[in-house]
Amino acid sequence: MLDRQLLAILREVDRLGSVTAAANRLNVSQSALSHTIRKFEERTGIEIWMKKGRSLRFTQAGDYLLSLAQRVLPQFEHAERVLADFASGQRGALRVGMECHPCQKWLMRMTAAYLARWPDVDFEVRTAFRFDGIAALLDNEIDLLITPDPVDVPEVHFTPVFDYDLVLVVPEAHPLAVRGVALPHDLLAEELITVPVSLERLDVFTRFLVPAHCRPRRHRTAETTDLTLQLVAAGRGVAVLPDWLVREEGSGLPIRTVRLGPDGIGKSIHLGVRRGEEGVEHIAGFLALARETGQ
């Protein structure tokens, strides 16, 4: 009753918004595409979409099939790429996605070593999946997720590979620089600079400020670590960043790091893979190298 061609048609019609554009993308005639849909509808007694002027609207059944296509087709495409890699003499592909801004900086520490050890593995980094990594991993759009916030998902195996602390970064003349420890109420009068993600994903809010019922005077975001550190050095605000990142990129700047609370805020970078694939040779090799690099 179902075949891959039908699912591909639904996905492209949804992506492109018209039967004509979908037919062009799939390299078939519009009449052939329409015939495929019509035959399916006649055979099943199910209407997939309804026309409204020049636009199409999926029925409830059509929405269900579209959802199926979006889940299943990436798995077919991934399997085909892997088989093509094997056929060309490669051991496979490793597509890495990231769910935090500093993750890419950390990844660059070990990329050269991994490429040297695994020259026959196609290695790709996909930053488009930042902040939605679990879905990308489960949909087979990436093979490995780098994240500081692992989620308890039965289908995903997480491995911690690198421990660090989040610290408050202040100008060197700031009063907190002398104290060395910041408490939540110390940020009430500050302009806080963070990476551009929702507050629910920022530990400085969820683990430090919100439990103490405190908020900074102003909250703003910066796209890059370099810009963040320059803003802090210029006295434009304070920031929260991983301690190792400040050491590597803030050297020479007039800034200081301050512990967040008496015990600090500890974090770990985790690597997530689909459960059962942690033993795949080139994935296991990446995990082993990541643990070595994190020591």
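Biologist: Ring pairs join Tyr114, Trp118, Phe123 and Phe286 into a cluster; what makes the pair of Phe123 and Phe286 stacked?

Modeller: This is a predicted model, in which local features need pLDDT of at least 70 and side-chain atom pairs count only at pLDDT 80 or more, while totals for chains, interfaces and linings use all residues. Residues are numbered from 1 along each chain as its sequence is written, and side-chain values use heavy atoms, with hydrogens and water left out. Rings of Phe, Tyr and Trp (its six-membered ring) pair if their centres lie within 6.5 Å, and planes under 30 degrees apart count as stacked, over 60 as edge-to-face and the rest as tilted. By this rule there are 7 aromatic pairs. The centres of Phe123 and Phe286 are 6.3 Å apart and their planes stand at 25°, so this pair is stacked.

Biologist: Why is it said that Phe123 and Phe286 tie together parts of the chain?

Modeller: Phe123 lies in strand β4 (residues 121-126) and Phe286 in helix α11 (residues 281-294), so the pair ties together parts that are 163 residues apart in sequence. Helices (H or I, at least four residues) and strands (E, at least two) are DSSP runs, numbered from the N terminus.

Biologist: How do you know whether Phe286 is buried or exposed?

Modeller: Buried means under 20% relative accessible area, exposed over 50%, and partly exposed in between (1.4 Å probe, protein chains only). Phe286 has a relative accessible area of 1%, so Phe286 is buried, and Phe123, with 17%, is buried as well.

Biologist: Why are Cys100 and Cys103 called a disulfide?

Modeller: A disulfide is a pair of cysteine sulfur atoms within 2.5 Å, and the sulfur atoms of Cys100 and Cys103 are 1.8 Å apart. The torsion about their S-S bond is about 105°, so the disulfide is right-handed. Cys100 and Cys103 are both buried.

Biologist: What makes the contact of Arg117 and Glu292 a salt bridge?

Modeller: A salt bridge is a side-chain nitrogen of Lys or Arg within 4 Å of a carboxyl oxygen of Asp or Glu, and the side chains of Arg117 and Glu292 meet at 3.1 Å, N to O. Arg117 lies in helix α5 and Glu292 in helix α11, so this pair ties together parts that are 175 residues apart in sequence.

Biologist: Why does Arg117 count as partly exposed?

Modeller: The relative accessibility of Arg117 is 48%, so Arg117 counts as partly exposed, and Glu292, with a relative accessible area of 42%, is partly exposed too.
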